[in-house]
Amino acid sequence: MNPTPATSQAGPLLVEMRDIDKSYGGVPVLKAAHLGVAQGEIHGLIGENGAGKSTLVKILDGEVQRDAGEVTWLGERPSLQSRADAARLGITMIHQELNLAPHLTVAENISLGYEPRLRGRLAGTIDRRREVAEARASLDRFGFDLDPRTPVRRLTPAKRQLVEIARAVVRATRLVIMDEPTSSLSAREVEELSRVVRQLQAGGAAVIFVSHRMEELAQICDRVTVLRDGETVHEGPMPRRDFAELIHAMVGRELRDFYPPRSCRPGEVVLRVEGLTRQPHFEDATFQVRRGEIVGLAGLIGAGRTEVVETIFGGATADHGRILIDGEPVAIGSPRDAIRHGLALLTEDRKRTGLALGLPVAHNITLANLGATMRRGCLDLGKEETMARDLMQRLRIRARSTRQRVGRLSGGNQQKVVLAKWLSRQASIFMFDEPTRGIDVGAKTEIYREMNALAESGAAILMVSSELPEILGMTDRILVMRAGRIVKELVTARTTQEEIIRYATLGEKENA
Amino acid sequence: METIPSDAPLTRAPAVTVERPSLRDWIERVLPYASVVVLFIALSILSPYFLTLQNLSSVCRQTAVITIIGLGMTLVMISGGIDISVGSVMAFAGICGTMLLQAGWHLGPALAGAVVAGAAWGLVNALIITVLKVNPFIATLGTMGAARGVTLVITNGMPVVNLPASFGKLGDGNILRVPVPLVILVLLALLTGFILKYTRMGRYSYVIGSNAEAARYAGVPVRRYLIAIYVFCGALTGLAGMIEASRLVTGQPTAGTGYELSVIAAVVIGGASLSGGEGTVAGTIAGAFLMGLISNGSNLLGVSPFWQQVLIGTIIVLAVAVDELRKRRRTS
């Protein structure tokens with residue numbers, strides 16, 4: 001798809017990425033992507049979760065190698081094999097997960113790798129005084145209110161980001177890439193960041209600002225590029241108020257008709273959450289789920305969706321709020337409590353919290369319900385084998401046997417094993433966190449089929465998903481979260497991808 | 001190797017990866033047992049004294065102590081932990097048991113006392129690890145020192161003597177011509193094997209060792225089972241302590257010094273991984289006997305005990321290195 005040609009408010013080009021392809025294990029992440037940034041420009045890069053933004057900038061930063069395409073820097077084609085190559089050109093990247101050494105001071109972090117050395121008698125050792133002085137000069141330049149001798153671990157995320165920026169610009173930087181810099185900042189901190197970014201611009205650097213938050217981008221960026229499914233679908237000046245065109249570019253795709261149909265007859269409320277709060281991740285979550293219903297939890301990275309379901313499941317403790325199951329308030333202090341009350345959670349990261357990869361399929365399947373395999377106080381391995389085989393068949397889990405190590409299965413089959421685990425437990429409230437992430441199309445359909453079957457048999461389902469077509473295809477109602485709050489409840493049959501994204505990026509008030 | 005970033009879209013992915021147990025995997029699994037057999041044959045050839053009933057029986061008695069502790073350690077290491085206090089706990093339990101004998105108790109109750117003493121330290125270890133959240137190595141490093149210290153305090157550094165001669169039957173006697181320690185070992189090995197395969201405790205040990213977070217999210221009461229595991233190890237260590245004391249009919253406060261190294265070596269050689277999730281009873285027994293044979297062989301062939309230590313240290317390093325290589329290959 002051809003990108004909208006860039007309007008030339010831009011100055012001379014600093015960097016241009018053209019026809020960039022990148023795949024991981026056969027899965028295309030970027031397809032002929034394009035990005036052009038002019039010198040001294042503040043350029044926004046937006047797109048949904050999974051659009052390829054992170055990958056694209058990581059290619060520019062030398063962290064990831066492109067499969068095809070060219071990167072032009074000031075008219076030349078430099079080698080970008082490593083971060084050192086990128087650094088040499090003057091490209092620095094400030095990651096979402098900050099790369100600071102928490103036990104070192106601000107000054108030590110700023111000069112990390114390039115510490116000023118002494119001459120004379122103590123030649124070679126670090127010149128601490130100069131280190132602090134240089135750090136102070138750099139911080140003062142931006143008006144950062146920081147003492148260079150403070151250990152970084154005592155700083156808030158916002159302040160740490162400032163340290164990263166100071167570190168970035170200490171070495172003549174021509175391009176600063178910021179990856180989702182505002183996901184953990186307050187409104188005031190965002191404003192300070194905008195001021196800093198403009199100062200960077202004044203100092204001659206260009207900035208690529210990766211984000212999905214429209215109003216922030218509107219405050220800061222000169223131009224913007226929109227990525228969707230790995231392709232560049234829009235490039236142009238950043239609108240200040242009317243984001244309709246951008247939002248349409250972010251999501252505009254046809255809904256593929258591949259979600260199995262389901263007859264929805266929701267019963268009584270089985271899960272009710274009131275005022276659930278866990279700072280700083282989310283606050284005041286209030287909603288309910290009924291039997292036979294699938295409720296979607298939509299939103300972009302950092303919205304707090306995973307944290308909500310984790311807290312309901314007892315993986316983390318809430319600051320306050322209530323959870324009611326079948327009308328009765330329950331105290332859930334651990335996953336064990338949650339399970340006892342009929343809850344099940346398929347976590348976002350199945351390898352980290354959902355599976356014991358070194359153990360056989362059968363052992364993973366019966367993990368949450370070992371009691372069902374016991375006979376006279378001992379494990380009945382035969383019974384376990386039968387249970388496992390039945391579930392493998394029902395979910396069409398493709399493995400060599402029930403004894404195969406789960407770590408060897410494909411992503412789709414691994415996820416099915418996680419599902420089998422909860423099916424064997426016969427929970428009544430299922431929470432899915434990104435149920436089809438990293439899964440092939442065939443396995444996805446099978447998981448959808450199973451979710452429908454669960455709902456039809458009376459289970460209540462809460463599904464966190466970043467895939468809008470999935471949310472629209474599978475749910476009855478949608479709760480949209482943004483920056484830790486549920487900003488809107490939508491009826492699936494009456495909403496669109498664009499409406500969801502609008503609430504996910506702009507929140508409630510911007511929607512007149 | 002590049003990892004797929006979280007923003008990779010969800011489309012077509014390659015089909016199921018099929019696992020074919022390679023020749024290399026098979027060799028690695030069989031290696032500890034094969035080594036024991038090879039060493040056995042080699043020693044039979046190299047020394048005329050090796051294949052005598054007296055020598056073999058001595059090897060069994062010696063190795064049995066390490067192996068029994070090894071059974072407990074196997075469970076601990078499967079769960080992803082480690083217990084380096086076993087040498088000290090063994091001595092402590094031996095002292096407790098022999099002191100009870102000295103006070104006139106019968107063998108049975110005195111044995112029980114030693115087992116309880118060992119289990120008590122196991123409980124202490126478990127609580128430090130689960131409640132104070134100290135990592136197992138450091139926690140048991142602490143109790144290793146503390147247990148040894150307490151032992152020396154209550155004995156004033158002196159051995160416990162004047163024990164009934166019948167006590168010696170535990171370590172030196174026979175049942176139907178089989179050394180008693182060997183009989184005890186076989187029974188405990190069967191018990192441990194059963195636990196690992198057919199009980200919740202065993203199953204949860206593997207899961208906790210493989211992925212404690214996943215276990216927690218699946219509702220496994222991790223803390224409860226870790227306590228059970230360390231208590232089990234402590235109990236077996238206590239029993240081993242009495243067997244050791246019985247061989248000299250003396251309670252030695254300095255017993256077991258350095259044993260933890262041999263026990264851990266046995267378990268690792270037998271196939272357990274330091275990071276948990278793997279390990280078997282048979283493997284531990286093979287590992288322990290491998291080291292027992294090395295020790296015995298070195299004595300028979302006149303190799304200095306100092307060189308023995310170098311040899312054992314080298315084997316431990318090799319065993320762990322092989323384990324690391326295996327793990328890395330498996331996840332690629």
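**View 1. Surroundings of B:A110 in a predicted model.** Apart from neighbours within four places in sequence, the residues in contact with B:A110 are B:G97, B:L100, B:L101 and B:W105. The model shown here and in the views that follow is predicted. B:A110 itself lies in helix α4 of chain B, which covers residues 107-130. Because 23 other C-beta atoms lie within 10 Å of B:A110, where 20 or more are required, this residue is buried. B:T67, by contrast with the contacts listed above, is separated from B:A110 by 43 residues in sequence and by 22 Å in space, taken from C-alpha to C-alpha.

**View 2. Helix α5 of chain A and the elements that cover it.** Helix α5(A) comprises the 14 residues 157-170, for which a rise of 1.5 Å a residue predicts a span of 20 Å, and the end C-alpha atoms are indeed 20 Å apart, in agreement with that expectation. Of these 14 residues 10 are buried, so the helix is largely enclosed by the rest of the structure. The buried residues of α5(A) include A:R160, A:Q161 and A:L162 as well as A:A166, A:R167, A:A168 and A:V169. Their cover includes, from chain A, strands β5 (91-94) and β6 (175-179) together with helices α3 (106-110), α4 (128-142) and α6 (187-202).

**View 3. Packing of helices α8 and α17 of chain A.** Helix α8(A), residues 244-251, and helix α17(A), residues 497-506, pack at an angle of about 115 degrees with their axes 9 Å apart, and their crossing is right-handed. On the side of α8(A) the contact is made by A:I247, A:H248, A:M250 and A:V251, and on the side of α17(A) by A:Q497, A:E498, A:I501 and A:R502. By type, these contact residues divide into 4 nonpolar, 2 polar and 2 charged. Since 7 of its 10 residues are buried, α17(A) is largely enclosed by the rest of the structure; the buried residues are A:Q497, A:I500, A:I501, A:R502, A:Y503, A:A504 and A:T505. Besides α8, the elements of chain A against which these buried residues pack include α7 (214-220), α16 (468-474), β12, β20 and β21.

**View 4. Strand β20 of chain A with its partners β12 and β21.** Strand β20(A), residues 477-482, is mostly covered, with 5 of its 6 residues buried. With strand β12(A), residues 294-298, β20(A) pairs in the parallel sense over 4 bridges, and here A:A298 stands opposite A:V480. With strand β21(A), residues 485-491, the pairing of β20(A) is antiparallel and is made by 6 bridges; in this pair A:L479 stands opposite A:E489. The hairpin of β20(A) and β21(A) has 2 residues between the strands, and within this hairpin A:A483 takes a positive phi near 50 degrees.

**View 5. An open antiparallel sheet of chain A and the helix packed on it.** The sheet is formed by 4 strands of chain A in the order β11-β10-β13-β14, with antiparallel pairing. Its edge strands, each of which pairs on one side only, are β11 (282-290) and β14 (328-329). Strand β10(A), residues 269-278, is joined to β11(A) by 6 bridges, and in this pairing A:L271 stands opposite A:V289 in β11(A). Helix α9(A), residues 305-312, packs on the sheet and touches β10, β11 and β13 (320-325) of chain A, its direction making about 115 degrees with that of β10(A).

Key:
Residues numbered from 1 in each chain as written. Chains lettered and ligands numbered in written order. Predicted model: local features only at pLDDT ≥ 70, side-chain atom pairs only at ≥ 80, totals over all residues. Axes fitted to C-alpha atoms, helices over the stretch in contact; angles between N-to-C directions. Left-handed = near helix turned anticlockwise from the far one by under 90°. Contact = placed C-beta atoms within 7 Å. Nonpolar A, V, L, I, M, F, W, Y, C, P; charged D, E, K, R; others polar. Buried ≥ 20, exposed ≤ 12 C-beta atoms within 10 Å, placed from the backbone. Pairing = 2+ DSSP bridges. Expected span 1.5 Å × (residues − 1).
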